[in-house]
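Me: I should like a close look at a single part of this model. Please keep to what can be read from the structure itself.

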Amino acid sequence: MRFADRESVEQVEIGLELAPKFDADGLVPVVTTDAASGAVLMLGWMNAEALRRTIETRLAHYWSRSRQALWHKGAHSGFFQHVEALLVDDDQDALILQVRLEGPGSCHVGYRSCFYRAIDLDAAGGGGVVPLRMTETEKAFDADTVYAGLENPTRL
């Protein structure tokens, strides 16, 4: 399997061949959503190999920027993301992955979605720190048990 070369604006914008534009680090951003509900589950990154494996297997693969390694979502936890649809934007530099979850969640912290907090727009402003509010009140699984022995990918 190969991706098309990017030869013209017309080909990229209205052509019918995948010609992804990877950034300077060789990555393209991927918004992953629940195929049934449309809820945003996570934002990830794919390099060419992750995109190829995702297309070939119909299981989500990403590039972990913190680990600098290919990452098959669910390989450790068993919480696989089965690909229902893969959308590409107009200039082919961003993707939306619509998945069916196998398991209770997608977030390494234990929530269903990685977007389990919202900026409290009503309380923001002034000179204080911008507050957050929880949008998911219960964790979907015990992350310490599921990811025991793995390094936390969050970097300060």
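Which residues does Asp 34 touch, not counting residues up to four places away in sequence? Please describe the surroundings of Asp 34, and then turn to the largest pocket.

Reply: The model is predicted. Not counting residues up to four places away in sequence, Asp 34 touches Ala 39, Leu 41, Val 99 and Arg 112. Asp 34 itself belongs to strand 1, which covers residues 28-34. Its relative accessible area is 8%, and Asp 34 is therefore buried, since that term applies under 20%.

Two polar partners of the Asp 34 side chain can be named. With the side chain of Arg 112, the side chain of Asp 34 makes a polar contact at 2.5 Å. A polar atom of the Asp 34 side chain also lies 2.8 Å from the backbone nitrogen of Ala 36. Arg 112 thus appears both among the residues that Asp 34 touches and as a side-chain polar partner.

The largest pocket holds about 960 Å³ of space. Its lining comprises 34 residues, and those nearest the centre of the pocket are Trp 71, His 108, Cys 114, Pro 153 and Thr 154. By character, the lining residues divide into 16 nonpolar, eleven polar and seven charged. At least two lining residues come from each of strand 2 (40-46), strand 3 (61-64), strand 4 (69-72) and helix 3 (143-146). Strand 2 contributes the most, with four residues.

Notes. Residues are numbered from 1 along each chain as its sequence is written. This is a predicted model: local features need pLDDT of at least 70, side-chain atom pairs count only at pLDDT 80 or more; totals for chains, interfaces and linings use all residues. Side-chain values use heavy atoms; hydrogens and water are left out. On a 1 Å grid over the protein atoms alone, a cavity is a set of points where a 1.4 Å probe fits but cannot get out, and a pocket is an open set with protein on both sides within 12 Å along at least five of seven lines; lining residues have an atom within 4 Å of a point. Grid points are joined across faces, edges and corners, and a volume is the space filled by probe spheres set on the points. Ala, Val, Leu, Ile, Met, Phe, Trp, Tyr, Cys and Pro count as nonpolar, Asp, Glu, Lys and Arg as charged, and the others, Gly among them, as polar. Buried means under 20% relative accessible area, exposed over 50%, partly exposed in between (1.4 Å probe, protein chains only). A polar contact is a pair of N or O atoms within 3.5 Å; within protein, one must be able to donate a hydrogen and the other to accept it, and residues adjacent in sequence count only if both atoms are side-chain atoms. Contact means heavy atoms within 4.5 Å.
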